[in-house]
Amino acid sequence: MKLLSKSLFSERHRRLFALVRGNWLKLLLAMLFMLLMAGASSAIPFMIKPVVDDIFISKNATMLKVVPLAVILIYLVLGAAMYGQEYFLGWVGHDVIRQLRNSLYDKIQDLPISFFQAERTGTLMSRITNDVSIIKEMVSSAITGSIRDLFTIIGLTGVIFYRDWKSAIAALVVLPLAFYPIVRLGRRVRRVTTGTQEVRADLNSFLHETFAGNKIVKAFGMESYEKERFAAKTRKLFRLEMKAVKAKALSSPLMEFLGGVGVAFVIWYGGSKVIAGTSTPGTFFSFMGAVLMLYGPVKKLSKLNNTVQQGLAGVDRVFDILEQTSDIRDPACPVAIPGGPHRITFNDVYFQYDTKPILKGITLDVGPGDILALVGMSGGGKTSLVNLIPRFYDVTQGAILIDGIDIRAVAVSDLRQQIAIVTQDPILFNDTLRSNIAYGKPDATDAAIEAAARAAYAWDFIQKFPDKLGTNIGELGGRLSGGQKQRICIARALLKNAPILILDEATSSLDTESEALVQKALGNLMRGRTTFVIAHRLSTIGYAQRVVAIVDGEIVEQGTHEELLAAQGVYHKLYQMHFNGDDAV
Ligand SMILES: Nc1ncnc2c1ncn2[C@@H]1O[C@H](COP(=O)(O)OP(=O)(O)OP(=O)(O)O)[C@@H](O)[C@H]1O
Ligand SMILES: [Mg+2]
């Protein structure tokens, strides 16, 4: 019990209770019904005495009518109270779950990209589904359930004391003895639960990955390998669940035995009093009935500790996420960004993800409306460099300026409003073509969507779908071809019509026809915008005023395509390797 009360008062649990308290009216109603239930339950053994003494022994005819009617009434009240209690408790429990899920989702959405790279998608999903569920178990069936059981215990104990207080004291001595093992077992349940929740999360991640990447599983003939891996995980979960079952199951027989001892004592002690003539059979049976009925709620209360311990393990896992803080924050007094087009300046920028420096002293200045092409070997830091502009990550040293203002001095949303991005892999959602193109601009008119789709050279293929813009493209755009996906991403960026453009060109090669279409679409997209384009194709570089070659996080060369070719350096080498014969400017 001490363990329980100690953990109940931490900050996390206070926050959880705040959610419960928000439903105080429903909670109050539930408690009222519980009180009714407790009262009706206690009335049942109370009625045993008139049954035995007045009906059986005194043969009182009036009582023969009154008592059955009273019993019917008691059970009616009990039934109605049970329904009301279940309903309002369910309400409170499910509402807490809903609020927790929403705050978790809101929190996760607001956390920076680095968070998503550290956590696995399936694991995060598990926090919102599994962990929150065990908290609900705790809240609705336990915290509130305990009130009912507690009231019932109080009512029944009242009956016991009213009937024979001396025997009552003796019978209740065994109860505290039960608590020690219950608390011990509860602690064990909590520890095991943390383990099972971790394995469940891992299972979720695994499912997410192997279902989403099922094409590769099949292509490499890894079905049986994945089946074996999955079986190993469920085996591990099974073992842990069995540990919890063992700990939970142990508390029941323990309670059974202690209950049995109590009943045996009552029979011996109460029975001897009836034989001696100091008590009536009615008192004895009423007392005995209450003791037997007491046993149920006491057992529930002991199980409750297990449910609470399980729930607390969930609370820890949920609040671990809720208490995360984002390093990418708005300044206290954000500066407004003037109207575009914008100048972007990198001032001696250093950046690292962990300990290894990725960018080392990048200094760059891209004038309003200029197009800058970034080239370099794979892993050189190009994507990392452009990711700093919308503050997906913050620089480790130095600064990035937009029109002379440090990007950390403006509101993040304001900054991102200025930027349209086409990422290296096309990322689309399971929705219609219309919603995907209008992502970020939900109020865009069909005419605007069409114009963007036309400029992205996507309109022709959209027209070929039976549902046109209303076509659902499947999870991650799975029903579109590679080139079609890219063009939808370009249309999306076009519709956003932001003054800064970040273009991470896909390395995958397309057939010449869609390649040409994508190139034309990119040309439309870059026009008039301050553009950072990571170029893998010569035709893209052709649009740029300036080319910057990045090797190992440093700028090694910059100039026009012709100047760099003439310099016979890194760019020339890249050109020989990648672009030659591939493409024409
Ligand atoms: N989230 C991350 N955490 C830690 N290291 C990372 C992370 N993302 C990238 N890196 C490392 O940073 C370096 C630069 O990666 P980056 O993606 O910027 O290269 P790139 O120039 O865009 O390459 P490519 O042309 O292949 O796209 C690589 O060595 C990579 O391993
Ligand atoms: Mg890259």
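How many bridges pair strand 7 with strand 8, and in which sense, parallel or antiparallel? I would like to begin this talk there, and to say at once that what we are looking at is a predicted model. The pairing of strand 7, residues 500-504, with strand 8, residues 530-534, is in the parallel sense and extends over five bridges. Within that pairing, Asp 504 stands opposite Ile 534 of strand 8.

Let me place these two strands in their sheet, which is an open one of six strands, with the order 6-7-8-3-9-10 and with mixed pairing. At the edges of this sheet we find strand 6, residues 419-422, and strand 10, residues 554-559, each of which pairs on one side only. If one ignores direction, neighbouring strands here are turned against each other by 20° on average. As a general reminder, the strands of a sheet pair through backbone hydrogen bonds, and they do so either in parallel or in antiparallel fashion.

The other sheet I want to show is also open, but it has four strands, in the order 2-1-4-5, and its pairing is antiparallel. Strand 2, residues 357-366, and strand 5, residues 405-406, are its edges, and because each has a single partner strand, one side of each is left without a neighbour in the sheet.

Strand 1, which covers residues 344-352, is joined to strand 2 by seven bridges, the two running antiparallel, and a hairpin connects strand 1 to strand 2 through four residues. If you would like to follow this pairing on the screen, Ile 344 stands opposite Val 366 of strand 2, Thr 345 has Asp 365 as its bridge partner there, and Phe 346 has Leu 364. Strand 1 is also joined to strand 4, residues 397-402, again in the antiparallel sense, by five bridges. Ile 344 takes part here as well, with Ile 402 in strand 4 as its bridge partner.

Now to the helices, where I will take helix 10 as the reference. Helix 3, residues 24-57, and helix 10, residues 281-322, have axes that come within 8 Å of each other and cross at roughly 160°. An angle over 145 degrees counts as roughly antiparallel, and helix 3 and helix 10 are therefore roughly antiparallel to each other. Their crossing is right-handed. On the helix 3 side, the residues that meet helix 10 include Ile 44, Phe 46, Lys 49 and Asp 53, while on the helix 10 side they include Phe 285, Gly 289 and Met 293. Sorted by class, the contact of helix 3 with helix 10 consists of ten nonpolar, five polar and two charged residues.

Helix 9, residues 223-276, also passes helix 10, with axes that come within 10 Å and cross at roughly 165°. That angle makes helix 9 roughly antiparallel to helix 10, and the crossing of helix 9 with helix 10 is right-handed. In this contact of helix 9 with helix 10, the classes are 13 nonpolar, eight polar and four charged residues.

A further pair is helix 14, residues 446-455, with helix 16, residues 482-496, whose axes come within 8 Å and cross at roughly 130°. Helix 14 and helix 16 are therefore oblique to each other, and helix 14 passes helix 16 in a right-handed crossing. In this contact, Ala 448, Ile 449, Ala 452, Ala 453 and Ala 455 of helix 14 meet Ala 491, Leu 494 and Leu 495 of helix 16. By class, the contact of helix 14 with helix 16 has eight nonpolar residues, with no polar and no charged ones.

Finally, a word on charged pairs, since a search of the whole structure finds 17 salt bridges. One of these salt bridges is formed where the side chains of Arg 120 and Asp 202 meet, at 2.5 Å from N to O. Arg 120 lies in the loop between helix 5, residues 113-118, and helix 6, residues 121-172, whereas Asp 202 lies in helix 7, residues 174-212, so the pair ties together parts that are 82 residues apart in sequence.

To come back to where we began, strand 7 and strand 8 pair in the parallel sense, within a sheet whose pairing is mixed, whereas the sheet of four strands has antiparallel pairing.

Note on methods:
Residues are numbered from 1 along each chain as its sequence is written. Chains are lettered from A and ligands numbered from 1 in the order in which they are written. This is a predicted model: local features need pLDDT of at least 70, side-chain atom pairs count only at pLDDT 80 or more; totals for chains, interfaces and linings use all residues. Side-chain values use heavy atoms; hydrogens and water are left out. Axes are lines fitted to C-alpha atoms, for helices over the stretch in contact, and angles run from 0 to 180 degrees between N-to-C directions. Angles under 35 degrees count as roughly parallel, over 145 as roughly antiparallel, 65 to 115 as roughly perpendicular and the rest as oblique. A crossing is left-handed if the near helix is turned anticlockwise from the far one by less than a right angle, and right-handed if clockwise. Contact means heavy atoms within 4.5 Å. Ala, Val, Leu, Ile, Met, Phe, Trp, Tyr, Cys and Pro count as nonpolar, Asp, Glu, Lys and Arg as charged, and the others, Gly among them, as polar. Two strands pair if DSSP finds at least two bridges between them. A salt bridge is a side-chain nitrogen of Lys or Arg within 4 Å of a carboxyl oxygen of Asp or Glu.
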